[in-house]
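Reader: Please take one part of this model and look at it closely, starting with how two helices are oriented and going on to what surrounds them.

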Amino acid sequence: MTMPATVIQERVGFGQRDWVSGRTLGLILFAGILMIAMSLASPNFLTQETFFSQSRYVAFYLMVAMSQAVCLAVGDLNLTVGAVGSIATVALGLLMGAEQAGLSPWVAVPLVFLIGPLTGWLHGMIITRLKIDAFIVTLSMMFVYMGLRSGISGGNAYTIPQSFWWLGQGSIGGWLPYMLLIALAVLGLTSHMYRNTVLGRRLLATGSNAEAARLSGIDTNRMVVVAHVLSGCFSVMAAIMWASWGGNAAPETGDNWLIISFAVAIIGGTGLKGSLISPLGIFMGAIIFKLIQHSLVILKINDNYSNTVLGALILLAILVDRAREHFDGGRRGS
Amino acid sequence: MTRNNKLLIATLGVLAAILACIKVYQSRRAGASLEPIVLYCVLPHPYFSGVMQGAEAYEREHGVRVRLVTGQESSQANVNQNVESLFTLGHRAFAIYPVDPAGSRGLFDRLKRAGCHVVAYGAQPEPGSAAAFAIATDTRAAATLAAESLVKLIGGRGRILNVLESLTDANTPIRDAAVREVVAKYPDVEIIQTIGDVTTEQKAREKIESALVARGDEVDGIVCTGYTTTVAAAMLLSERHARPGAKRIRFVGLDTDERVLAAIRDGSIDMTLAQNPFGHGYISCTLLGLLLEGWEPKAPYQFIDSGSVPVTKENLDTFEAGIREMTRTIVAELKMKYLNPPNALESE
């Protein structure tokens, strides 16, 4: 017996027919308004140069934020986002640096990439098997990794061979960076996973109500481990992109990622209490985060206050989102 | 099609149309004039205040506008991000402090490839960098001078505490090596302990205080080759030396924070090395101004030592004049020593 096409489609998409949620639509609108304002403020905003330059940051922020968001979605958090990136960067330098092992990028990058799932698996196992809170586990592991990176590198940066700069500095047609293409591919895959696969739905179910998910037969411990493994993968991808972009592997890489990871994920609509994640929303969050930073330069806002402005705008974004939720709830209630 | 999907298509369509209209309108208008020179400071800090004073003096004296930009944190990532934004606005001449001399390579390369002029100040970028000039204190020479001065102060015999700053600052290993080389020349001098990985004044204070509590009686001298460590050590020694019967620990630091100068004035510490932040700003802008006029560097990369002056109780009130004089001398020599006049290469 064959099922009608519409039923199959609904099952594959788990009943979701909207391409984007109302929340993400709001983010797209907000980013659009920012873009219009900035293009009016600066004649150099709507140029290929700006697109090339700023879209690489968007791609990078997306990776860093996804690293946090996948953990938030299962009701955890990950404070090692930057520290894992830092360790991966030092490893990349040690493997690829001309004065170090001098391995080809085709060998070094896959080896370094393994650090992501391995560290994530370790965090997940400690959290689930020893029943220790994710905050404590990742906080202590963050210090472990930061000490290791300083001890191993002695604070020295390693030069990345120019043969590997293409990933971070290359583009199609001089305006479409490879980094953005990779980030969009990852975005598509992650979106598909959360929207259309059983694994994705189980991850969200774990974040929504772990006890209910467990009683319904989901191995929630396994889902937590999977989330941390994914998180490690995103961190390492961000580190590899950053090293290729800057042309060096500096041990302090990752020092400011933690704030970025929370800020972009939250602006992108990721629920701090789990179960809510939208990779496209996070992508828009990354665009908004970058646009705000770029606007500070364009508008010549007193640099000493730029962090204040940034923080206030993040808070505003959250308040607007909460207000929207409140009114939506009110409408549904009535 | 759902309501959300229709709204999405409408939003994207309207957005694209508005941006296209703005682009067409702007392409018909002349662009606003930009400051020809950008001086990028890493973060609010007394050193960068001095650098900005130099840039402002250049602007006043030459009538060339300089955009002063201050970043949010001391990381190369933050520098790259802000400078890239400035570049996309159309600025084409940059004076930049390379937080990470190796990490700045990618940024400098990109700026140069796009036809920009880049001058590094405050620290030397990695060899092979695309910066045409670096104006900075000769790190090794300054650390050597500091260590030599301390060895003299302790009479060529004793134990010293070697206090380094941020491990991720590429100048730190150079300073450490310079101090060790000096100590190696004197058989009766030894480094009792090296303190490092310090990025803030608080951390410096904690680490130095721990070392002094643990082995203060064994320490004869302290050499600090970073700003935050110098301030922290000066404060701690002021407290320590005010106590009756406390052992006198000789001290040489780097940089001229008001608190350090006050400690020299009241005799709590012996000496610090004054760098030339004013010159870093003034000379960088002068060079960029000349490069924009068409002057050509004589070599792809040239280092200009901005000099450092030992500051003791004797010259506390006069050392700044010496630094300004040093700047004037360097500026007067720029065209002759480091640059070829416009079109000189063509006429040859």
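**Helix packing and its surroundings**

Author: In this predicted model, α9(A) and α14(A) are oblique to each other. Helix α9 of chain A covers residues 178-196 and helix α14 of chain A covers residues 279-298; the two pack at an angle of about 140°, with their axes 9 Å apart. Angles over 145 degrees would count as roughly antiparallel, so the pair falls under oblique. On the α9(A) side the contact is made by A:Leu187, A:Thr190, A:Ser191 and A:Tyr194, and on the α14(A) side by A:Pro279, A:Leu280 and A:Phe283. By class, this contact has 5 nonpolar and 2 polar residues, with no charged residues.

Helix α14 also takes part in the interface between the chains. There, 46 residues of chain A are in contact with 44 residues of chain B. On the side of chain A that touches chain B, α14 is one of the helices that each supply at least two residues, along with α2 (22-41), α3 (48-73), α12 (220-246) and α15 (306-333). The largest share comes from α2(A), with 9 residues. The residues of this side of chain A divide into 17 nonpolar, 23 polar and 6 charged.

In chain B, helix α6 (residues 171-185) can be described by its buried side. Its buried residues are B:Asn171, B:Thr172, B:Arg175, B:Asp176, B:Ala178, B:Val179 and B:Val182. They cover an arc of only 160° around the axis, so they lie on the same side of α6(B). The face turned away from that buried side carries the exposed residues B:Ala184 and B:Lys185. The cover over the buried residues of α6(B) includes α5 (139-153), β6 (158-163) and β8 (221-224) of chain B.

Conventions. Residues are numbered from 1 along each chain as its sequence is written. Chains are lettered from A and ligands numbered from 1 in the order in which they are written. This is a predicted model: local features need pLDDT of at least 70, side-chain atom pairs count only at pLDDT 80 or more; totals for chains, interfaces and linings use all residues. Axes are lines fitted to C-alpha atoms, for helices over the stretch in contact, and angles run from 0 to 180 degrees between N-to-C directions. Helices (H or I, at least four residues) and strands (E, at least two) are DSSP runs, numbered from the N terminus. Angles under 35 degrees count as roughly parallel, over 145 as roughly antiparallel, 65 to 115 as roughly perpendicular and the rest as oblique. Two residues are in contact if their C-beta atoms, placed from the backbone, lie within 7 Å. Ala, Val, Leu, Ile, Met, Phe, Trp, Tyr, Cys and Pro count as nonpolar, Asp, Glu, Lys and Arg as charged, and the others, Gly among them, as polar. A residue is buried if 20 or more other C-beta atoms lie within 10 Å of its own, exposed if 12 or fewer, and partly exposed in between; C-beta atoms are placed from the backbone. The arc is that of the directions from the helix axis to the C-beta atoms.
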